[in-house]
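The following exercises are to be worked through with the sequence and the model at hand. Each task is followed by its solution in steps.

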Amino acid sequence: MRVSESLAETAALCERYRVAGLSVGLVPTMGALHAGHLALVEAARGECERVVVSAFVNPTQFGHGEDLDAYPRSRETDVEACRRVGVDLAYFAVGDEVYPPGFQTWVTVENLSRPLCGVTRMTHFRGVATVVTQLLDIVRPHRAYFGQKDYQQFRVIERLATDLHLAVDIRLVETVREPDGLAMSSRNAYLRKAEREVAPRIRRALLSSGDLIRGGERGVDKILEVFTDTLRPGTELKIDYAEVRNAVTLEEFSDARVVRDQGVLIAVAVNVGRARLIDNVVIE
Ligand code: AMP
């Protein structure tokens with residue numbers, strides 16, 4: 001496995017893969033790798049001859065007062081994990097190279113970035129879209145892999161790849177969970193014991209409201225009521241948002257009545273202690 005911190009070296013190695021006729025898969029991450037990230041690597045390994053993992057805590061996707069400084073960083077164990085699962089190139093990007101002096105060019109995916117996480121994290125998806133566009137340009141992968149946990153992010157990236165005519169296939173990989181259902185996240189490390197114990201209610205509440213839709217319920221208010229009743233928000237769990245939307249456009253349903261033809265997304269963000277956790281279900 002190669003480990004690179006250099007943008008030019010990473011680009012040159014990836015160019016070499018492509019010239020040799022090898023298919024390249026990219027897994028962009030912020031490091032602190034866990035089984036969720038490794039599932040993306042596994043999906044990439046199944047479909048690509050070379051797998052590149054990037055690890056970069058991207059400052060532009062954090063807002064003021066968010067957890068940029070506290071965000072876990074574990075380069076040594078990340079390198080080991082990458083080696084173990086057969087990554088070919090681990091790219092630890094360096095901020096000054098990613099954002100050269102005088103930087104002022106942004107990728108904004110307008111409508112998809114506005115709702116859900118975009119409401120409280122106003123510049124988050126601009127930061128994500130910009131850095132992913134840069135990584136796609138450095139690596140030029142045939143396929144790039146994203147997790148369903150960050151479903152809005154997946155739709156944003158898919159849109160930018162289409163709109164900018166990027167020759168990359170954007171792939172979605174199912175959320176990997178702890179045995180009790182909590183979606184794996186680097187931010188779970190922030191949870192205290194009591195918070196960790198109640199956090200799986202997020203998943204349970206999502207499943208209950210998802211089942212309601214599968215059972216024929218169409219009223220958005222009723223679906224969200226069941227979500228809240230099952231979650232039982234209180235001192236440990238505080239809902240940031242819980243919404244039912246079209247799974248492709250992320251738009252709301254007119255008259256608050258679910259239409260299933262493009263799939264239905266129930267997406268939530270819940271503050272658990274100082275962690276803000278997101279999760280979702282998609283009903284096809
Ligand atoms: P992050 O390092 O949190 O920016 O995540 C990097 C990539 O891993 C994103 O595409 C995430 O959606 C994905 N990811 C994070 N957690 C999980 C999980 N529990 N299951 C599947 N994919 C995940």
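**Exercise 1: An exposed loop residue**

Glu-252 has a relative accessibility of 60% and therefore counts as exposed; the term exposed stands for over 50% relative accessible area, buried for under 20%, and partly exposed for the range in between (1.4 Å probe, protein chains only). The structure is a predicted model, in which local features need pLDDT of at least 70, side-chain atom pairs count only at pLDDT 80 or more, and totals for chains, interfaces and linings use all residues. Residues are numbered from 1 along each chain as its sequence is written, and side-chain values use heavy atoms, with hydrogens and water left out.

Task: State where Glu-252 is placed and which residues Glu-252 touches.

Step 1. Glu-252 belongs to the loop between E7 and E8; helices (H or I, at least four residues) and strands (E, at least two) are DSSP runs, numbered from the N terminus.

Step 2. Not counting residues up to four places away in sequence, Glu-252 touches Glu-243 and Arg-245, where contact means heavy atoms within 4.5 Å.

**Exercise 2: The sheet**

Task: Determine the order of the strands in the open sheet and explain why one side of E7 and of E9 is left without a neighbour.

Step 1. The three strands follow the order E7-E8-E9, with antiparallel pairing; two strands pair if DSSP finds at least two bridges between them.

Step 2. Strand E7 (237-246) and strand E9 (275-283) are at the edges and have a single partner strand each, so one side of each lacks a neighbour in the sheet.

Step 3. Strand E8 (residues 264-272) pairs with E9 in the antiparallel sense over nine bridges. Ala-267 stands opposite Asn-280 in E9.

**Exercise 3: Helix H8**

Task: Check the span of helix H8 (residues 151-163) against the expected value.

Step 1. The expected span is 1.5 Å times one less than the number of residues.

Step 2. For the 13 residues of H8 this gives 18 Å, and the end C-alpha atoms are 18 Å apart, which agrees.

Step 3. Buried residues of H8 include Phe-154, Ile-157 and Ala-161. After H8 comes His-165, with a positive phi near 55°.

**Exercise 4: The largest nonpolar core**

Task: Find which residues touch the most other members of the largest nonpolar core.

Step 1. A nonpolar core is a set of buried Ala, Val, Leu, Ile, Met, Phe, Trp, Tyr and Cys residues joined through side-chain atoms within 4.5 Å.

Step 2. Among the 45 residues of the largest core, these are Val-52, Ile-170 and Leu-265.
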